[in-house]
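Visitor: Please choose one part of this model and take me through it closely. After that, I'd be glad to hear how it fits into its surroundings.

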Amino acid sequence: MVVINKIYIVSTLLLLFAIILNILPLPNIIDSCRPPILLLVLIYCTLAYPESINLAYAFVSGLILDILLIMPLGYNALCFTITIYLIMMYYPQIRLQSNWNKMFSLLLILIPFFLSSTLMNSILKINYNIVDVAISIVLSVIIWPSLFNMLRFIRQKYTQ
Amino acid sequence: MNNNLHFRQNHFTLIKLIIFLIISMYLIYEDKELKLGNEVRNNFSHIIQPIYIVAESPLKLYRNTSLYIKTKQNIIKENNGLKKKVLVQSGIIQQIPPLKEENKRLKKLLGSSSSIDSSKILIAELIKVNLSPFSNKVIINKGNNNNLFLGQSVVDSFGVLGVISEINKNFSVVTLITDAGHAILAVNARTNKRIVLSGTGDNRKLKAKYISLNEDIIEGDILITSGLDNVFPGGYTIGEISVIKKKLNQDFLNVKVRPSSALSSNREVMLLW
């Protein structure tokens, strides 16, 4: 019971930290192609605890991000929910993969996220640069192994 | 048995996914104009503002530290530069009252009413957090407590910045003039012709619309606010014409304008009444 509580507390704190990282001001050049940190942390938490951190977490984190980024409510919530659903479908396979394979599967999983956000941008007439979005996804794939190891270290230290 | 459990879990997950997708789509449909989000932000502003402040704190810390370690010599140099600037600008300001009087007298002769001077100015600080890179919005640290109103114009020391589009308790959202959904009525300072400018979503350019092929317009023309749109007071600089392209198969000129305000780098802005 205590372990389950710890899981929720650590995951929520990690997600809160990721939300702050997501809105942290950065120089203009990196700003437009920053990786979706909150989504990456969410993916990690779901991979680690698929029974506890699930679609509801993805939906609520997306809504919080929408409120903070002054975007139409539901925009990020929808993209995050689709991505986390894919993780919940394939987590047993992804967990067993090597680092390189993990990077490749993250790329595959981020493609629906990329497509759904692009589709929504065009429906809501939000101006966007497709190259920047593509770069942000490539950056996410590049930082994924180190982020994964860092998050695993934090998780193992504080949930056991 | 195990397989069955696995199947059940997948089944529930799919149902959950469909429910969340329906809720998200409904929310997106309802919040196209950001009204629902505005209400939420207004009700939870006491929670949201601290998050913005925490996110902004590393930048503030960096700025304060760099200010602290600035050498005395640099500060003296900067101070001397600023003194010179003040001297030059106060010289220019001295010419304004007689010009104003002359303007009033000429307008009286012409029979038109003189433009209203904005009497109150409030300085606000930008809260530098990263919003969506394509949204062209910024957050300022003044809100309901400072008697702001929706549609209030915001300028910086170089020119027009935007209008207030959302007011919360302690912070407000400013839509920049470069936002794709924003338009402004400008006047060419050289020819006095009116021009409609609309945002492109790119912070570095605005688009001038409906300019006929034989219009008297050249690159470098300064555009100022007309004061006719009841949003911006007249006479503030918007930007200068940077590119004019003429295509034979089009009815209008393709004109791009470079905004003069420092849209992506300023720290303080002025609110006008």
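**A close look at one strand**

Guide: Let's begin with a pairing: β3(B) and β12(B) are joined by two bridges and run antiparallel. Here strands are DSSP runs of E with at least two residues, helices are runs of H or I with at least four, and both are numbered from the N terminus. Two strands count as paired if DSSP finds at least two bridges between them. In general, strands of a sheet pair through backbone hydrogen bonds, either parallel or antiparallel.

Before going on, a word on what you are looking at: the model is predicted, so local features need pLDDT of at least 70 and side-chain atom pairs count only at pLDDT 80 or more, while totals for chains, interfaces and linings use all residues. Residues are numbered from 1 along each chain as its sequence is written, and chains are lettered from A and ligands numbered from 1 in the order in which they are written.

Back to β12(B). Its other partner here is β1 (residues 121-127) of chain B, joined to β12(B) by five bridges in the antiparallel sense. B:M270 is a handy landmark, since B:V155 stands opposite B:M270 and B:I123 also stands opposite B:M270. Now follow the side chains along β12 (residues 268-272): B:V269 and B:L271 point to one face and are buried, whereas B:E268, B:M270 and B:L272 point to the other face and are not buried. Buried means that 20 or more other C-beta atoms, placed from the backbone, lie within 10 Å of a residue's own; with 12 or fewer the residue is exposed, and in between it is partly exposed.

These pairings belong to a closed barrel of six strands, β1-β2-β5-β4-β3-β12 of chain B, with antiparallel pairing. Neighbouring strands of this sheet are turned by 45° against each other on average, direction ignored. (Axes are lines fitted to C-alpha atoms, for helices over the stretch in contact, and angles run from 0 to 180 degrees between N-to-C directions.) On the other side of β1(B) in this order comes β2(B); two bridges join β1(B) and β2(B), again antiparallel, and B:I127 faces B:I139 across that pairing. In the loop between β2 (137-140) and β3 (153-155) of chain B sits B:N147, a residue other than glycine with a positive phi, near 60°. Most residues other than glycine have a negative phi. B:N147 is partly exposed, with 13 other C-beta atoms within 10 Å.

Chain B has another closed barrel, with six antiparallel strands in the order β6-β7-β8-β11-β10-β9. There, neighbouring strands are turned by 40° against each other on average, direction ignored. Five bridges hold β6 (residues 183-188) and β7 (residues 194-199) of chain B together in the antiparallel sense, and B:L185 has B:V196 as its bridge partner.

Let's step back to the domains, whose bounds come from an automatic or database assignment. In chain B they are domain 1 (2-54) and domain 2 (55-69 + 115-273). Their centres, taken over C-alpha atoms, are 33 Å apart. Ten residues of domain 1 are in contact with eleven of domain 2, contact being C-beta atoms, placed from the backbone, within 7 Å. On the domain 1 side, α2 and α3 of chain B each give two or more residues, and α3(B) gives the most, with seven.

Chain B also meets chain A, through 36 residues from chain B and 30 residues from chain A. On the chain B side, α1 (2-30), α2 (35-43) and α3 (45-68) each supply at least two residues, with the largest share, nine residues, from α1(B).

Finally, the largest nonpolar core has 83 residues, and A:V41, A:L42, B:L161, B:L197 and B:L223 touch the most other members. Such a core is a set of buried Ala, Val, Leu, Ile, Met, Phe, Trp, Tyr and Cys residues joined through C-beta atoms within 7 Å. Its largest share, eleven residues, comes from α5(A), and each of the two domains of chain B gives at least three residues. Beyond its neighbours within four places in sequence, A:L42 is in contact with residues including A:L15, A:Y57 and A:F80.

Definitions and conventions:
Two residues are in contact if their C-beta atoms, placed from the backbone, lie within 7 Å.
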